[in-house]
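Biologist: I'm new to this one. Can you walk me through the structure?
Modeller: Sure, let's put it on screen and start with a sheet.

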Amino acid sequence: MWSSVESDSQCQISDGNIFDSFIIDSQVEHKLNLSAGWVLLVEPRSNLGKRLTELLSGRTVISIADISKQYAPSHSFIKDPISELKPLLHTLSLSKQIDSLPIKLMDKRIQSLIEKLDLCLKGECLKPTSWSAAEVASSLSLSESRFIHLFSQQMGIAWRPYLRWRRLSCAISSIVRGMSVTESAHAVGFSDSSHLSRTFRSMFGLSIQQAKSLFLKS
């Protein structure tokens, strides 16, 4: 999480309170109050997630100011987090990870897949039956093993955890558009609303109804 200078931010954890931009480990219970800034959610098994875990070195949370005196957050709220993200990660010696982020994919087959998945943002999600690695590989004229290797190489994250993120994204988008939690769960391939709710809370630390309220407010 990183906040603007003008933001009144605070994060409560069991060890006390944090009043600054920080990195917090996965599965750490916390309560965040942030008036202006960005929260970046990183898959722990991605290349960037693994490097951030190394940076934490067993700690649950670290202040960015404590590990990098050179970093200064923006003095105003920014609309594009990437413009702040790049210099921040370079400052934290994460240049290899940020330089390898798939802003421009080289392989056209993976690019076409991501474009299809992005249709979910317009309410045109791929059906869950089209999401297995075998089915995707076949549609791209690749073997399953080749697809899995190529996707991880291009995206910096394995297909399965990436797919889980996309399914949850589709679920909350569907709910915001008016679907019930049960309808959304079935639409994106979860067995029922309880399965969706458990997975969502495990990933993001809040209920799907809380997330819906946040998105509707924004």
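Modeller: Keep in mind that this is a predicted model. Strand β2 (residues 10-13) pairs with strand β5 (residues 31-33) in the antiparallel sense, over three bridges.

Biologist: Which residue in β5 is the bridge partner of Cys11?
Modeller: Leu32 is the partner of Cys11 there.

Biologist: How many bridges join β2 to strand β3?
Modeller: Three, and β2 and β3 (residues 16-18) run antiparallel. Gln12 stands opposite Asn17 in β3. The two strands form a hairpin, with two residues between them.

Biologist: What is the order of the strands in the open sheet?
Modeller: The order is β3-β2-β5, three strands with antiparallel pairing. β3 and β5 are at the edges and each has a single partner strand, so one side of each lacks a neighbour in the sheet. On average, neighbouring strands here are turned by 20° against each other, direction ignored.

Biologist: Back to β2. Which of its side chains are buried?
Modeller: Cys11 and Ile13, which point to one face. Gln10 and Gln12 point to the other face and are not buried. That fits the general pattern: in a regular strand, side chains alternate between the two faces of the sheet.

Biologist: New topic, helices. How many residues does α8 have?
Modeller: Helix α8 has 18 residues, 159-176. From first C-alpha to last it reaches 26 Å, close to the 26 Å expected at 1.5 Å a residue.

Biologist: And how many residues of α8 are buried?
Modeller: 13 of the 18, so α8 is largely enclosed by the rest of the structure.

Biologist: What follows α8?
Modeller: Gly178 does, with a positive phi near 120°.

Biologist: Which element gives the most to the largest nonpolar core?
Modeller: α8 again, with eight residues. The core has 33 residues. Phe147, Phe151, Trp159, Tyr162 and Leu196 touch the most other members. Elements giving two or more residues include α7 (144-155) and α10 (193-204).

Biologist: Which of those residues do ring pairs link into a cluster?
Modeller: Phe147, Phe151, Trp159 and Tyr162. The count of aromatic pairs comes to five. One of them is Phe151 with Trp159, an edge-to-face pair. Their centres are 5.1 Å apart, with 85° between the planes.

Biologist: Are Phe151 and Trp159 buried or exposed?
Modeller: Phe151 is buried, and Trp159 is too.

Biologist: Where does the charged end of Arg167 sit?
Modeller: Over the ring of Phe190, 4.3 Å from the ring centre.

Biologist: Last topic, the backbone. What is the phi of Ser57?
Modeller: Phi of Ser57 is positive, about 50°, although Ser57 is not a glycine. Most residues other than glycine have a negative phi.

Biologist: Where is the place of Ser57?
Modeller: In the loop between α1 (47-56) and β7 (61-63). Ser57 is exposed, with a relative accessible area of 54%.

Biologist: And what is phi of Ser141?
Modeller: Near 60°, again a positive value in a residue other than glycine. Ser141 is in the loop between α6 and α7.

Biologist: Is Ser141 buried or exposed?
Modeller: Exposed, with a relative accessible area of 67%.

Conventions:
Residues numbered from 1 in each chain as written. Predicted model: local features only at pLDDT ≥ 70, side-chain atom pairs only at ≥ 80, totals over all residues. Heavy atoms only, no water. Helix = DSSP H or I, 4+ residues; strand = E, 2+ residues; numbered from the N terminus. Expected span 1.5 Å × (residues − 1). Buried < 20%, exposed > 50% of the residue type's maximum accessible area, 1.4 Å probe, protein only. Pairing = 2+ DSSP bridges. Phe/Tyr/Trp six-rings, centres within 6.5 Å; stacked < 30°, edge-to-face > 60°. Lys NZ or Arg CZ within 6 Å of the ring centre and 35° of its normal. Axes fitted to C-alpha atoms, helices over the stretch in contact; angles between N-to-C directions. Core = buried A, V, L, I, M, F, W, Y, C linked by side-chain atoms within 4.5 Å.
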